[in-house]
Every structure is written in C-alpha cells, then in structure tokens.
Amino acid sequence: MKRPVSLTLLLLFFCLSSCHDDDSDAPYPSIITEMADCPTDDEGTMRAIVLDDDTRLTLTNPQTGLRASVTYRALAGFTRQADRQATLYSLTAAPLLRDSTAVAVCDPVGVASLWRTGRYLNLHLLPKTQGQGRQAWGYIVDSIADRHAYLRLHHRQDTDPTAYSTDLYASLPLSEVDADRFTLRIETFSGPREWDL
C-alpha cells in the first residue's frame, strides 16, 4: 500500500445524489463521517475509501481528477450501501502529522476531541486564523520509556493572526512512533493539557 500523503486543499463538497426538483420532500440521507485513507489509482481516480478499522468501501461515485497513485487522508462524509459500497458526499483534508522535533514550536490551539484507532491518533483541533499565512503542524517526541511515548503537538501559528476559530482534522500515524502507549501534550489557549491514548 502506498504511504499516505496529506491533502493540501479542502476538497470540494460533492453534490452526488440524484435528487430532482420534484423530490424535494425526500428525506436527506444519513451521512456517516469518519476518518479514512483515500487511495487513487494510476489515473488519479479514487474508487474506494479505507476506514480506520480497515473496512474498504467501494465508491458508487468514483472521484476523478486527483493526483495519481497517492493516498489522501481525510474526514469522509458518506452513506453506506449494500456489499461494502458507499456513496461519497464530502471530503475534508486531514494533514498527517510528521516528526517535527527538530523545529519544535508549541503555539496554542483549541482542542475539540482526540481519539485513537488501530493505525492513527486522530485530532479535531480548533485553530484560530484570519486566513493569512500558513500554520505548521506536526508532533514532538519528548521521550519513549517502556514503550510509552510522551509526545507534544507541534504548532507554529507563524504570521496568521488569531482572529476566529476554524476546524482542522489531523492524524498522527502510529507506525512512525515505536510505542504501545501514548501521552500527547497540547498547548491550548487555557494552558497545557495532556491526553493518554
């Protein structure tokens, strides 16, 4: 399997249902939102998504025009169909956090939630932005003892003013840290907090 790469843009919301004006009273489908790996083939077509429990769902509406032979990481909005199929409605970029110990900065950020799956630590963050400049993300390895990794979130606000909160989803690939237990420390706007995951 090809190594995941992060999306650099927020992918478009996909208006993919077959609704017509005359069925405006039809119920809106129950959208499931989950983090997923989204591989593309050598033609740049995304034909499936892979959930964090390794469930592979074939898309009823393959997405074209993407980079070829890469795996995007994203928060996927979809409906489940029979026979392990899904209809995709939205994708939101989720950067992969990389080891940034050498350039460590811990500017504050809001935290909505964190959760661990088989292959990732997933984060829903609330950074403040004015849409000017580019913030940087990663993780810092403070120590690893008895297969317990003590990590910090690397966040560089840079020149982007802290004007209003936005949503950011990110994932830390567990395969990059040789540990079984993880403590993640994040500098929040109300001070440092730690999560044991």
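## Where β3 meets β4

V50 stands opposite R56, a residue of strand β4. This facing pair belongs to a longer partnership in this predicted model: β3 and strand β4, which covers residues 56–63, pair in the antiparallel sense over 4 bridges. Between the two strands there are 4 residues, making a hairpin in which D54 takes a positive phi near 70 degrees.

Strand β3 also has a partner on the other side of the sequence. Strand β2, residues 32–39, pairs with β3 in the antiparallel sense over 2 bridges. Here D37 stands opposite V50, so V50 has a facing residue in each of these two pairings, as its places opposite D37 and R56 show. The hairpin of β2 and β3 has 6 residues between the strands, and G44 in that hairpin takes a positive phi near 80 degrees.

## A closer look at V50 and its strand

How enclosed is strand β3 by the rest of the structure? Its span is residues 46–51, and 5 of these 6 residues are buried, so the strand is largely enclosed.

V50 is placed in strand β3, and is V50 buried or exposed? With a relative accessibility of 8%, V50 counts as buried, because the cut-off for buried is under 20%. If neighbours within four places in sequence are left aside, V50 is in contact with A36, D37, T55, R56 and R119. Take D37 from that list: D37 and V50 are 13 residues apart in sequence, yet their C-alpha atoms are 5.1 Å apart in space.

## The chain as a whole

Stepping back, the chain has 15 strands and 0 helices. It is 197 residues long, and 46% of them count as buried. Among contacts in the chain with a separation of 6 or more, 68% are between residues 24 or more positions apart. The accessible surface of the chain is about 10,700 Å², with 48% of that area belonging to carbon and sulfur atoms.

How confident is the predictor? The mean pLDDT of the chain is 88, and 87% of the residues reach 70 or more. Residues 1–22 are a stretch to read with this in mind: the pLDDT there is below 50, although in the model the stretch has 43 contacts beyond near neighbours in sequence.

## R80 in strand β5

Another residue to find in the structure is R80, which has its place in strand β5. R80 is partly exposed, with a relative accessible area of 42%. Not counting residues up to four places away in sequence, R80 touches I32, L51, T55, L57 and Q85. T55 is also on the contact list of V50, so a reader tracing contacts can go from V50 to T55 and on to R80, because contact here means heavy atoms within 4.5 Å. As for P29, that residue and R80 are 51 residues apart in sequence and 9.9 Å apart in space, C-alpha to C-alpha.

## Two loops with a positive phi

Most residues other than glycine have a negative phi. D83 is not a glycine, but has a positive phi of about 60 degrees. This residue lies in the loop between β5 (71–81) and β6 (85–93), and D83 is exposed, with 73% relative accessible area.

D158 is a further residue other than glycine with a positive phi, near 60 degrees. Where is D158 found? Look in the loop between β11 (148–156) and β12 (164–165). D158 counts as partly exposed, at 48% relative accessibility.

## Charges over rings

How many aromatic pairs does the structure hold? The number is 0. Rings do take part in another kind of arrangement, with a charged end sitting over them. R73 places its charged end over the ring of Y120, 3.6 Å from the ring centre. Likewise, the charged end of K128 sits over the ring of F189, at 4.7 Å from its centre.

## The last hairpin to visit

Strand β14, residues 181–188, pairs with strand β15, residues 191–196, in the antiparallel sense over 6 bridges. Which residue of β15 does T183 stand opposite? It is D196. The two strands β14 and β15 form a hairpin, with 2 residues between them.

Definitions and conventions:
Residues numbered from 1 in each chain as written. Predicted model: local features only at pLDDT ≥ 70, side-chain atom pairs only at ≥ 80, totals over all residues. Heavy atoms only, no water. Buried < 20%, exposed > 50% of the residue type's maximum accessible area, 1.4 Å probe, protein only. Areas by Shrake-Rupley, 256 points an atom, 1.4 Å probe, with all protein chains shown as cover. Pairing = 2+ DSSP bridges. pLDDT = per-residue confidence, 0-100. Phe/Tyr/Trp six-rings, centres within 6.5 Å; stacked < 30°, edge-to-face > 60°. Lys NZ or Arg CZ within 6 Å of the ring centre and 35° of its normal.
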